[in-house]
Amino acid sequence: MATVMAGPCFSVHAAAAEDPRLVLMGALKDELSRSQKRLALPGEPGPYFIRYLLRDYNERDMAARFGALIENDYQRARHAGVEVRVGDYQFDNTADDGADNSFDLDDFERYDPPIVAPIENNIEALRGALWLQTDARYKQALSALHKKRGKRVTEVVEDETLPSFSKEKSQKHVDPALAPTLDEAVWAKRLRDASGRFKQDPKIFDALIKLSVSHQIRTIVTTEGSELINERLIYGLHLMATSRSDDGLLISHGKSFYGGAEAELPDDAALMASVTSLMSEVAALRTAPMLDPYNGPAILLPEAAGVFFHEALGH
């Protein structure tokens with residue numbers, strides 16, 4: 001099937017140049033507007049709803065084992081996701097009527113564009129990636145809509161009054177920009193020193209201390225008018241130790257700390273105290289008696305009860 005739209009015409013929102021996040025949102029809005037106005041196969045309806053989702057990932061990991069660094073990695077990635085709905089809010093391509101698509105001839109000719117997007121703020125490349133996904137998702141949505149309409153002609157549906165999608169009021173919000181900080185030299189020494197403390201217990205044959213910093217930015221625009229930029233920054237510090245009891249039982253124990261800033265993680269003294277505490281707990285577990293299996297009543301919260309019975313009895 002031929003591509004629906006010609007290649008995108010690019011523009012940059014110069015007014016937002018001081019904030020790169022708003023530049024990217026401007027690119028998403030431009031491409032969304034173009035798709036909404038021009039995306040349609042001859043004789044077919046265009047989308048009634050489109051959503052663009054851009055996720056930026058900045059991940060930093062450092063780890064040490066028994067006094068030596070074993071990991072010092074940085075990963076930068078950007079993923080783009082496109083949702084396209086064809087039909088209307090009452091009935092669209094996403095309505096689940098149990099259609100069997102186990103053997104679909106369209107799959108042999110279908111091009112599924114990658115979700116990876118350029119990590120550089122190259123507006124042309126970004127809009128090009130969105131354009132490819134939008135074109136592919138639109139054709140897939142049309143195919144699904146026609147199959148579901150055909151199935152409705154020959155089979156009875158339990159409740160045709162339930163809408164496929166709810167129309168919501170548009171939301172606009174931009175989180176304050178977050179700036180991750182990490183003193184690499186300080187943390188390298190801290191991880192070496194703290195992980196080296198585990199060598200004091202020869203029965204602990206594996207021990208690891210890992211620092212992780214995850215910074216994610218999520219940008220969303222929709223044809224309903226929603227425009228959102230959300231940021232999340234999480235620092236994590238994980239301590240793990242592995243040993244065996246005298247009868248050979250494997251013992252694995254750990255502690256984790258989380259914070260929204262580097263200063264919220266344990267300092268040198270607190271980290272050393274946590275290592276000492278973890279070593280003591282592992283030593284206690286090595287000599288702890290085995291508990292007898294429990295056979296008796298249990299009280300579950302309502303949310304957990306449904307999942308428990310589904311997993312235990314439903315399958």
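From the N terminus onward, the elements of the protein follow the order α-β-β-α-β-α-β-β-β-α-α. This succession comprises five helices and six strands in a model that is predicted. Of the 315 residues, 39% count as buried. Among contacts between residues at least 6 apart in sequence, 76% join residues at least 24 apart.

Two helix pairs were examined. In the first, the axes of helix α1 (residues 20–38) and helix α2 (residues 123–154) come within 10 Å and cross at roughly 40 degrees. That angle makes α1 oblique to α2, since it falls in none of the ranges that count as roughly parallel, roughly antiparallel or roughly perpendicular. The crossing by which α1 passes α2 is right-handed. On the α1 side, the contact is formed by V23, L24, A27, L28, D30, E31, R34 and S35, which meet I123, L126, R127, L130, W131 and T134 of α2. By class, eight residues of this contact are nonpolar, two are polar and four are charged.

In the second pair, helix α3 (residues 184–196) and helix α4 (residues 268–287) have axes that come within 9 Å and cross at roughly 25 degrees. Because angles under 35 degrees count as roughly parallel, α3 and α4 are described as roughly parallel to each other. The crossing of α3 past α4 is right-handed. Here R190, D193 and A194 in α3 meet D268, L271, M272 and V275 in α4. The residues of this contact divide into four nonpolar and three charged, with no polar residue.

Strand β1 (residues 47–65) contains N58, and D56 is likewise found in β1. D56 counts as buried, because its relative accessibility is 5% and the limit for burial is under 20%. The side chain of D56 makes a polar contact of 3.0 Å with the side chain of R76. Residues up to four places away in sequence aside, D56 touches L24, R76, A77, R78, H215, Q216 and I217. One of these partners, L24, also takes part in the contact of α1 with α2. The C-alpha atoms of D56 and H79 are separated by 6.7 Å, although the two residues lie 23 residues apart along the chain.

N58 is buried as well, with a relative accessible area of 17%. Its side chain is joined to that of Y74 by a polar contact of 2.6 Å. When neighbours within four places in sequence are left aside, N58 is in contact with Y74, Q75, R76, V213, S214 and H215. R76 and H215 thus appear among the partners of N58 and also among those of D56.

After β1, F66 is found in the loop between β1 and β2 (68–86). The phi angle of F66 is near 50 degrees, a positive value in a residue other than glycine. F66 is partly exposed, with a relative accessible area of 24%.

A further group of contacts involves helix α4, in which R286 is found. R286 counts as buried at 13% relative accessibility. A polar contact of 3.1 Å joins the side chains of R286 and S243. Not counting residues up to four places away in sequence, R286 touches D201, K203, I204, S243, R244, S245, D246 and I251.

K203, one of the residues touched by R286, has its place in the loop between α3 and β4 (204–222). Whereas R286 is buried, K203 is partly exposed, with a relative accessible area of 47%. Neighbours within four places in sequence aside, K203 is in contact with T242, S243, R244, D246 and R286. S243, R244 and D246 therefore figure in the contacts of K203 as they do in those of R286. K203 and A283 are 80 residues apart in sequence, and their C-alpha atoms are 8.5 Å apart in space.

Technical notes:
Residues numbered from 1 in each chain as written. Predicted model: local features only at pLDDT ≥ 70, side-chain atom pairs only at ≥ 80, totals over all residues. Heavy atoms only, no water. Axes fitted to C-alpha atoms, helices over the stretch in contact; angles between N-to-C directions. Helix = DSSP H or I, 4+ residues; strand = E, 2+ residues; numbered from the N terminus. Parallel < 35°, antiparallel > 145°, perpendicular 65-115°, else oblique. Left-handed = near helix turned anticlockwise from the far one by under 90°. Contact = heavy atoms within 4.5 Å. Nonpolar A, V, L, I, M, F, W, Y, C, P; charged D, E, K, R; others polar. Buried < 20%, exposed > 50% of the residue type's maximum accessible area, 1.4 Å probe, protein only. Polar contact = N/O pair within 3.5 Å; in protein donor to acceptor, adjacent residues only side chain to side chain.
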